[in-house]
Amino acid sequence: MPADLARFTGRESCLDELDAGLSASTVVITSIAGTAGVGKTALAVHWAHRVRDKFPDGQLYLNLRGYDDAPATTPAEALTQLLRGLGVEPDQVPREVDEQASTYRSILSTRRVLILLDNAASEDQVRPLLPGTPGCAVIVTSRNDLRGLTALDDARRVELDLLTADEAHALITRVLGAARADTEPEAVADLAALCGYLPLAIRIAAANLACRPHDRIADAVADLAQGNRLAQLSISGDRRAAVTAAFELSLKSLPDEASLLFQRLGLLPRTDFTAHTASVLMGVDDVRPLISLLESASLIEPHTRGRFRVHDLLHLYARELVTSDEDAGQAGLRLLDHYLHTTDAALDVLAPEMYRLCRDGTSALSFGSKEAALSWLDAEGEAVAICALRAEPPRYRWELADSLRRMWYLRQQFDRWHETASAGLLAAEQENDLRGQASMHLSLGTMHCELDGRQGIGHLETAFALYEEADDRAGQFHCLNNLSVVHLTLGRTQEAIGLLPTPCRWSTTTSGCQPSCTSTSGWRPRRPAGSPSRSRTTSRRGNCCGRPVAASRTRWWSSLWPSCTWCWAIRCGRVSTRSGARGWPRSPARTRGGTCCSRSRRRSTATPGALSVL
């Protein structure tokens with residue numbers, strides 16, 4: 001048996017679980033599974049030394065080299081070594097595997113022996129090495145989860161997870177010494193986090209620090225955070241003491257397609273994903289068999305229902321590998337299109353009245369309910385936001401930011417809203433894209449409608465001018481709507497009335513791409529103050545109450561409003577005929593509904609009388 005680690009730390013629950021198996025009246029078979037570097041062998045060896053007194057006839061250790069540079073140990077080679085360890089002379093070892101296994105089981109039938117089979121590749125490699133009678137115990141470690149042993153051989157499964165924050169802190173303290181670690185507790189915590197709480201990475205980082213006693217831990221943390229983290233998590237001259245070397249051995253055993261999927265996980269903005277996202281990366285319909293291979297090899301793990309997760313350091317490793325994939329660019333574009341169109345689809349369900357740019361393409365996912373749309377946004381919204389900040393080509397930054405505008409509005413997440421919209425605006429300006437710039441100014445102006453209306457006026461007026469130059473009528477309408485919201489919020493009732501359209505009726509549209517004109521009589525609203533007029537404005541009386549309203553000759557606005565601004569403003573309590581403008585609550589639902597000038601109207605899900613931003 002290899003020597004125990006003097007600095008073995010934590011794992012109390014796993015040790016207790018291993019102890020509990022000794023009470024069984026049958027052959028005790030325990031499989032310890034986990035990702036590369038998580039400490040499977042260290043746990044097995046530590047426990048073997050801890051219970052050695054319970055096995056008076058000895059302990060046997062065998063490295064099966066399942067994940068190793070050398071070829072894996074065959075069952076015949078393994079049985080030969082085990083028989084010689086049990087005292088069988090070399091010339092007495094049978095040549096056939098079946099005879100070797102029979103002799104092996106016969107010898108163990110009268111003994112109490114602990115057998116540690118380390119680094120196994122598969123169930124078929126392990127089964128010939130299992131005893132047949134009670135009294136013995138077998139511990140098997142593997143990066144493969146060996147679930148076949150659980151199904152057919154009644155093996156107990158111990159899943160080894162990452163260290164807890166306290167266990168990681170204790171391990172670093174044991175390597176560096178309490179005096180040094182206690183002077184920089186926050187740096188120790190940061191070091192553990194940058195190592196992903198992976199024992200191998202923590203031991204390497206701490207060992208490198210131990211050899212530099214005059215360096216501050218905080219300086220090492222800064223180097224890890226800013227530099228090539230994987231390259232620094234290695235010890236020069238010792239290939240085994242490198243995180244990437246451990247990861248590489250896991251990939252060697254995989255089929256090419258599974259290895260390619262792992263590499264493309266490096267394109268993901270976050271470490272968790274669904275099978276559908278993986279299929280987008282691969283450009284195929286079904287990747288479940290490949291996901292099962294990665295899961296069995298402990299390269300990914302189930303996260304929540306329907307979602308999987310890859311460890312932080314493995315994600316960095318995949319990101320390095322994917323640079324050699326010639327088709328990585330196309331896979332990345334498929335991922336961005338998936339995020340863009342699925343975000344659109346989810347928010348078209350949740351906020352169909354709010355405007356977004358029209359786009360080519362549709363989502364492969366559909367949402368039959370608001371709950372389903374919310375669930376997808378809860379899981380993927382942050383990944384989409386990350387892409388909106390750094391996506392290439394740049395057009396995806398403003399496209400994604402435009403799609404996310406509605407989510408930020410619904411959730412009132414103003415910091416993230418400002419961050420994504422500002423990044424999108426910068427990208428649109430660099431690409432000189434008018435509609436991209438307009439949509440980002442509209443987004444920033446809409447955000448300020450919810451915060452400080454005065455700051456939003458400039459963005460909305462700029463957006464209006466850009467939409468007009470791009471001949472985007474729907475964009476112009478939504479800019480004017482939001483400008484009217486700002487003016488009314490500030491108590492500028494007359495300015496708001498001058499901006500809004502006149503006698504017209506509401507027509508709901510899907511996804512807010514383009515208003516549909518269902519009336520042939522209507523007039524354009526007055527342009528924002530300071531904007532030059534392109535047509536002479538005339539005066540006309542509204543068809544709901546006869547009040548004079550400003551109007552122009554353009555007709556496309558006629559489908560957008562149910563009555564003149566003055567009437568629904570009074571009805572909704574926004575204007576007092578005696579005292580002028582009144583304030584209102586800052587709520588998306590600002591109206592009680594009802595009639596306007598004694599004319600009945602149906603209240604839609606996007607009632608303009610609510611005067612919420614669009």
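What share of the 614 residues of the protein counts as buried? The answer is 53%. The model is predicted.

**Figure 1. Overall fold of the predicted model.** The protein holds 26 helices and 14 strands. Take the contacts between residues at least 6 apart in sequence: 71% of them join residues at least 24 apart. The accessible surface comes to about 27500 Å². Carbon and sulfur atoms account for 47% of that surface.

**Figure 2. The aromatic pair of F262 and Y317.** Six aromatic pairs turn up in a search of the whole structure. One of them joins F262 and Y317. Their ring centres lie 6.3 Å apart, and the planes make an angle of 50°. The pair is tilted, because an angle that is neither under 30 degrees nor over 60 counts as tilted. F262 sits in helix α14, residues 256-264. Y317 sits in helix α17, residues 312-321. The two are 55 residues apart, so the pair links distant parts of the chain.

**Figure 3. Burial of the two paired rings, F262 and Y317.** F262 has a relative accessible area of 0%, so F262 is buried. For Y317 the relative accessibility is 8%. Y317 therefore counts as buried, because the cut-off is under 20%.

**Figure 4. A cluster of F247, F262 and Y317.** Ring pairs link these residues. F262 and Y317 supply the tilted pair of Figure 2.

**Figure 5. R395 over the face of Y396.** Here a charge sits over a ring. R395 lies at 4.2 Å from the ring centre of Y396.

Definitions and conventions. Residues are numbered from 1 along each chain as its sequence is written. This is a predicted model: local features need pLDDT of at least 70, side-chain atom pairs count only at pLDDT 80 or more; totals for chains, interfaces and linings use all residues. Side-chain values use heavy atoms; hydrogens and water are left out. Helices (H or I, at least four residues) and strands (E, at least two) are DSSP runs, numbered from the N terminus. Buried means under 20% relative accessible area, exposed over 50%, partly exposed in between (1.4 Å probe, protein chains only). Contact means heavy atoms within 4.5 Å. Accessible areas come from the Shrake-Rupley method with a 1.4 Å probe; for residues, only the protein chains shown count as cover. Rings of Phe, Tyr and Trp (its six-membered ring) pair if their centres lie within 6.5 Å; planes under 30 degrees apart count as stacked, over 60 as edge-to-face and the rest as tilted. A charge sits over a ring if NZ of Lys or CZ of Arg is within 6 Å of the ring centre and within 35 degrees of the ring normal.
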